[in-house]
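Hi,

Here is the structure I promised to pass on to you. Have a look first, and then read on for what turned up in it.

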Amino acid sequence: MSGTSATTLTGRAVARRRTRSRLGWNLLGLLVLLTAGFPVYWMIDTAFKPAKDAIDPDPSLLPTGLTLDNFRRALAIADFWGPVGRSLVVSLSVVAIGIVVGMLAALAISRFAFRGRKIVIVGILAVQMVPLIAMIIPVFLLLNDLGQYDKLSGLIITYLTFILPFTVWTLRGFIVNIPRELEEAAMVDGCSRTGAFLRVVFPLLAPGLVATSVYGFIQAWNEYLYALMLMSQQHQTATVWLGNFTTKHGTEYAPMMAGATMMAVPMVVLFLLVQRKMAAGLTAGAVKG
């Protein structure tokens, strides 16, 4: 009986420790959620507040009143759909080109042995370490010489320079996790190398493609510095458009938050559409590679 009682007490102690540990992790997760989610909540809350409450020196954390005047003001202060349309064109173009080129480059690095392969990999990592602001003058001079200054095509090329390295490196991790034996088996059954890739590797690579595409879209959609420096006011993107709320008379915070809320809608819709693939993609490439 004494041995059974000791085993029971030990089991209860282990269960209590597990419960406390689980509770601690849950509290930590809740703290992280509140920290990350509060700015989003404050943005939406300010967007629906009356303008005078948005600049109150003693603001209330809870909504005090709801109004749509800020959204009307945001749409009236300057052209809204033009910058949003340009941002969508740039972001979708960067994602489409980046995924195609990045996938082919990642496939070459992962599946083929060639001279200078390690140098290419190190170069990809090195490019990501360069601060974007350090390249603004060379990029401006290069685009000006190519006749791409103040053009969406020039902005797309610029965004590809810092999104492509991440795309290649990330997709390489996903491809490495797909066993070569699957391709070899498909080729034994009569598929060409291209057919084996399209029928075997590409479907398994889909979660990684989705995760990488979402990252590229977010980067291109939220980029501000290059869009400000390389595009005129007539061709400004959505992030630069938010600067219209800062004038010599001050900043209209409530309409600005309303504009930021409307700008966040495409991102929310995108995440809702691909959330399952996104979750699978974030974990699929984290094992090795």
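To start with one residue: Glu183 is buried, because its relative accessible area is 7% and anything under 20% counts as buried. Please keep in mind that this is a predicted model.

Glu183 has a partner, too: its side chain forms a salt bridge with that of Arg111, at 2.5 Å from N to O. Arg111 sits in helix H4 and Glu183 in helix H8 (residues 180–188), so this pair ties together parts 72 residues apart in sequence. Arg111 is also buried, with a relative accessible area of 8%.

The whole structure has 5 salt bridges. Another one joins Glu252 and Arg73, at 3.0 Å from N to O. Here the chain positions are 179 residues apart, with Glu252 in the loop between strand S2 (250–251) and H12, and Arg73 in helix H3. Glu252 is partly exposed at 25% relative accessible area, and Arg73 is partly exposed at 36%. Asp45 and Lys49 make a salt bridge as well, at 3.5 Å from N to O; both of these residues are buried.

Now to the nonpolar side. The largest nonpolar core has 36 residues, and Leu205 and Trp241 touch the most other members. Several helices supply at least two residues each, including H1 (2–48), H9 (193–222) and H12 (253–284). The biggest share comes from H4, with 7 residues. Beyond its neighbours within four places in sequence, Leu205 is in contact with Met103, Leu171, Phe174, Ile175 and Ile178. A separate core of 17 residues includes Leu155, Tyr159, Ala220 and Val240.

Enjoy exploring!

Best wishes

Technical notes
Residues numbered from 1 in each chain as written. Predicted model: local features only at pLDDT ≥ 70, side-chain atom pairs only at ≥ 80, totals over all residues. Heavy atoms only, no water. Core = buried A, V, L, I, M, F, W, Y, C linked by side-chain atoms within 4.5 Å. Buried < 20%, exposed > 50% of the residue type's maximum accessible area, 1.4 Å probe, protein only. Helix = DSSP H or I, 4+ residues; strand = E, 2+ residues; numbered from the N terminus. Contact = heavy atoms within 4.5 Å. Salt bridge = Lys/Arg side-chain N within 4 Å of Asp/Glu carboxyl O.
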